[in-house]
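Here are a few notes from my pass through this one, jotted down in the order I'd look at things. Have the viewer open while you read.

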Amino acid sequence: MLNVNEYFAGKVKSIGFDSASIGRASVGVMETGEYTFTTAQPEEMTVLNGALRVLLPGSHDWQVFMPGEVFFVPTQSEFIVQVAEASAYLCKYLSK
């Protein structure tokens, strides 16, 4: 079953799905901008194209993630993403 989600006035769109090989996940695109996300469970984020500048929970330093690079976000947390050009991602929702 596919679930289409739209956030930040349509600047972030994702399609959620369940996969036998990776579990619950979503794939999406972020337009140029800065976005603050919250998590209900741990997440594994993989950049598919473009680049994401990310401020992870508990960090004071921004990190840039390029295509193929992965970052993890803990459960019940908030992280900030800055996008300089339209970028795509894969988000895997991990077990708590």
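**Notes on a strand residue, a pocket and a sheet**

1. Start with E44: setting aside neighbours within four places in sequence, E44 is in contact with V70, F71, F72, L90, C91, K92 and L94. Keep in mind while reading that this is a predicted model.

2. Where does E44 sit? It is found in strand 5, the run covering residues 43-49. One of its partners is worth picking out: E44 and V70 are 26 residues apart in sequence, yet their C-alpha atoms are 6.8 Å apart in space.

3. Is E44 buried or exposed? E44 has a relative accessible area of 15%, and buried means under 20%, so E44 counts as buried.

4. Now the pocket. The largest pocket has a volume of about 460 Å³. Its lining runs to 25 residues, and the ones nearest the pocket centre are Y7, S26, E43, C91 and Y93. If you'd like a handle on the chemistry, the lining divides into 13 nonpolar, 9 polar and 3 charged residues.

5. Which strands supply that lining? At least two residues each come from strand 1 (3-7), strand 2 (12-19), strand 3 (23-30), strand 4 (33-38), strand 5 (43-49) and strand 10 (87-93). Strand 2 gives the largest share, with 5 residues.

6. Staying with strand 2, have a look at S14, which has its place there. With a relative accessible area of 4%, S14 is buried, because that value falls under the 20% cut-off. Not counting residues up to four places away in sequence, S14 touches N3, V4, N5, Y7, S26, V27, G28 and Y89. Two of these contacts, Y7 and S26, also turned up among the residues nearest the pocket centre.

7. On to the sheet. Strands of a sheet pair through backbone hydrogen bonds, either parallel or antiparallel. Here 4 strands form an open sheet in the order 4-9-6-7, with antiparallel pairing. Strand 4 and strand 7 (63-65) are the edge strands, each pairing on one side only. From one strand to the next, the twist averages 30 degrees.

8. Inside that order, how many bridges join strand 6 and strand 9? Strand 6 (residues 52-55) and strand 9 (residues 78-83) pair in the antiparallel sense over 3 bridges. For a spot to zoom in on, L55 stands opposite I80 in strand 9.

9. One last link between the two topics: strand 4 is an edge of the open sheet, and strand 4 also supplies at least two residues of the pocket lining.

Methods
Residues are numbered from 1 along each chain as its sequence is written. This is a predicted model: local features need pLDDT of at least 70, side-chain atom pairs count only at pLDDT 80 or more; totals for chains, interfaces and linings use all residues. Side-chain values use heavy atoms; hydrogens and water are left out. On a 1 Å grid over the protein atoms alone, a cavity is a set of points where a 1.4 Å probe fits but cannot get out, and a pocket is an open set with protein on both sides within 12 Å along at least five of seven lines; lining residues have an atom within 4 Å of a point. Grid points are joined across faces, edges and corners, and a volume is the space filled by probe spheres set on the points. Ala, Val, Leu, Ile, Met, Phe, Trp, Tyr, Cys and Pro count as nonpolar, Asp, Glu, Lys and Arg as charged, and the others, Gly among them, as polar. Buried means under 20% relative accessible area, exposed over 50%, partly exposed in between (1.4 Å probe, protein chains only). Contact means heavy atoms within 4.5 Å. Two strands pair if DSSP finds at least two bridges between them. Axes are lines fitted to C-alpha atoms, for helices over the stretch in contact, and angles run from 0 to 180 degrees between N-to-C directions.
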